[in-house]
Amino acid sequence: MSEELDLGLAILDHQLLDRDGRRCGNVDDLAIEGGPGEHAEVAAILSGPNVWRGRAGFLGRIAARIGGDGRVRTPWSEVAEVEAHVTLKKRAPDYGLGRLDDQLRPWIERIPGAGR
């Protein structure tokens, strides 16, 4: 992907979807490479409770207990498309994504209206 994006608006905190359209996490942070005075590029998407728990306070600590201290680094080259969500080229398990979602799904499905 060579187009320019406002990372704060177009990427951070957006839903991650695998190639099948399965929700498998969020973009919690980005790894950016390039030193001072050099061209900076996004190297990877960082996701998981260990990445965002510091930003999320109490809820982050709860998620870390449920989902573990996981941190997944997905290379930027694996991004297929950026829209209102970020679509990846492979299935979620290929990246180690979606484990927390899988654990929470039975509870979330009990919430009225969660199937919409």
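What share of the contacts in the chain between residues at least 6 apart in sequence join residues at least 24 apart? The share is 47%, where a contact means that heavy atoms lie within 4.5 Å. The structure is a predicted model, in which local features need pLDDT of at least 70 and side-chain atom pairs count only at pLDDT 80 or more, while totals for chains, interfaces and linings use all residues. Residues are numbered from 1 along each chain as its sequence is written, and side-chain values use heavy atoms, with hydrogens and water left out.

We can begin with the elements of the chain. The secondary structure comes to four helices and seven strands, both taken as DSSP runs numbered from the N terminus, with at least four residues of type H or I for a helix and at least two of type E for a strand. Read from the N terminus on, the elements follow the order α-β-β-β-β-α-β-β-β-α-α.

The strands are arranged in sheets. In general, strands of a sheet pair through backbone hydrogen bonds, either parallel or antiparallel. Here two strands are said to pair if DSSP finds at least two bridges between them. One open sheet has four strands in the order β2-β1-β7-β6, with mixed pairing. Its edge strands are β2 (23-26) and β6 (79-82), each of which pairs on one side only. Neighbouring strands of this sheet are turned by 30° against each other on average, direction ignored; for such angles, axes are lines fitted to C-alpha atoms, for helices over the stretch in contact, and the angles run from 0 to 180 degrees between N-to-C directions.

Within this sheet, β1 and β2 pair in the antiparallel sense over two bridges, and Gln 15 stands opposite Asn 26 in β2. The two strands form a hairpin with five residues between them, and Gly 21 in the turn has a positive phi of about 85°. Another positive phi, near 65°, belongs to Asp 13, a residue other than glycine. Asp 13 is found in the loop between α1 (7-10) and β1 (15-17). With a relative accessible area of 47%, Asp 13 is partly exposed, a class that lies between buried (under 20% relative accessible area) and exposed (over 50%), as found with a 1.4 Å probe and protein chains only. Elsewhere in the sheet, three bridges join β6 to β7 (residues 86-88), and these strands run antiparallel. The bridge partner of Val 79 in β7 is Leu 88.

A second open sheet is formed by three strands in the order β3-β4-β5, with antiparallel pairing. Because β3 and β5 stand at the edges with a single partner strand each, one side of each is left without a neighbour in the sheet. Five bridges join β3 to β4, and Asp 29 stands opposite Leu 46 in β4. Between β4 and β5 there are four bridges, and the bridge partner of Ser 47 in β5 is Val 72. Along β5 (residues 72-75) the side chains alternate, with Val 72 and Thr 74 pointing to one face and buried, while Arg 73 and Pro 75 point to the other and are not buried.

Glu 33 has its place in β3 (residues 29-33). Setting aside residues up to four places away in sequence, Glu 33 touches His 39, Ala 40, Glu 41, Ala 43 and Arg 73. Between Glu 33 and Ala 44, eleven residues apart along the chain, the C-alpha separation is 9.1 Å.

Which residues of the chain's interior gather together? In general, nonpolar side chains in soluble globular proteins tend to be buried together. Of the 116 residues of the chain, 32% count as buried. The largest nonpolar core, a set of buried Ala, Val, Leu, Ile, Met, Phe, Trp, Tyr and Cys residues joined through side-chain atoms within 4.5 Å, has 17 residues, of which Ile 11, Leu 16, Ile 45 and Leu 97 touch the most other members. At least two residues of this core come from each of β4 (41-47), β6, β7 and α3 (92-95). Among the residues that Ile 45 touches, not counting those up to four places away in sequence, are Leu 16, Val 72, Trp 76 and Val 79. Val 79 is found in β6 and counts as buried because its relative accessibility is 4%.
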